[in-house]
Amino acid sequence: MVPSHPADKKAFEEDLAKKKAARRAADDKEIREKGWDNLDLSVAEMKFLPSKYYDNEDARIQYSYCELLDLTTNKLEDFPPEFVDIIQTSIKAIKLSRNR
């Protein structure tokens, strides 16, 4: 319940903001520790991107945490539209050098 007195309300909102920031920091730490922030699919000799990397809920969840996707040194020429839809809304950086 949110207090009605302005001073109490301000203290409540500040405490809530601190708790949210601490939770975000803990979540970010866990993501980095588990390696979910970087996905390395480099040097995999892929000619196409297998559907297991985009056509299931687990992949979509992983991309939502991923900041860097490394697809360097493969033989990729293009990407399925479903994969493009996922990565353009979630991934911050993608490495594509040494492909076709």
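Let's start with helix α1, which covers residues 6–34 and has 29 residues. From its first C-alpha to its last, α1 reaches 42 Å, close to the 42 Å expected at 1.5 Å a residue. Keep in mind as you read on that this is a predicted model. Right after α1 comes G35, and the phi of G35 is positive, near 80 degrees.

**The sheet**

Next, the strands. Three of them form an open sheet, in the order β1-β2-β3, and the pairing is parallel. Which strands stand at the edges? They are β1 (38–40) and β3 (93–95); each has a single partner strand, so one side of each is left without a neighbour in the sheet. From one strand to the next, the twist averages 10 degrees.

If you would like a closer look at one pairing, take strand β2 (residues 68–70), which is joined to β3 by three bridges, the two running parallel. Across this pairing, D70 stands opposite K95 in β3.

**Two helices that pack together**

Now turn to helix α2 (residues 57–65) and helix α3 (residues 81–90). Their axes are 8 Å apart, and the helices pack at an angle of about 30 degrees. Angles under 35 degrees count as roughly parallel, and α2 and α3 are therefore roughly parallel to each other. The crossing in which α2 passes α3 is right-handed.

Which residues make the contact? On the α2 side they are R60, Y63 and S64, while α3 brings F83, I86 and S90. Sorted by character, the residues of this contact divide into three nonpolar, two polar and one charged. A general point may help when you look at the spacing along either helix: an α-helix has 3.6 residues a turn, so residues three or four places apart point the same way.

**Backbone spots with positive phi**

A few places deserve a glance for their backbone angles. The table puts them side by side.

| Residue | Phi |
|---|---|
| G35 | near 80 degrees |
| E45 | near 60 degrees |
| R98 | about 60 degrees |

G35 is the residue that follows α1. E45 has its positive value as a residue other than glycine, and you will find E45 in the loop between β1 and α2. R98 is not a glycine either, yet its phi is positive. To locate R98, look in the segment after β3.

Terms used
Residues numbered from 1 in each chain as written. Predicted model: local features only at pLDDT ≥ 70, side-chain atom pairs only at ≥ 80, totals over all residues. Heavy atoms only, no water. Axes fitted to C-alpha atoms, helices over the stretch in contact; angles between N-to-C directions. Helix = DSSP H or I, 4+ residues; strand = E, 2+ residues; numbered from the N terminus. Parallel < 35°, antiparallel > 145°, perpendicular 65-115°, else oblique. Left-handed = near helix turned anticlockwise from the far one by under 90°. Contact = heavy atoms within 4.5 Å. Nonpolar A, V, L, I, M, F, W, Y, C, P; charged D, E, K, R; others polar. Expected span 1.5 Å × (residues − 1). Pairing = 2+ DSSP bridges.
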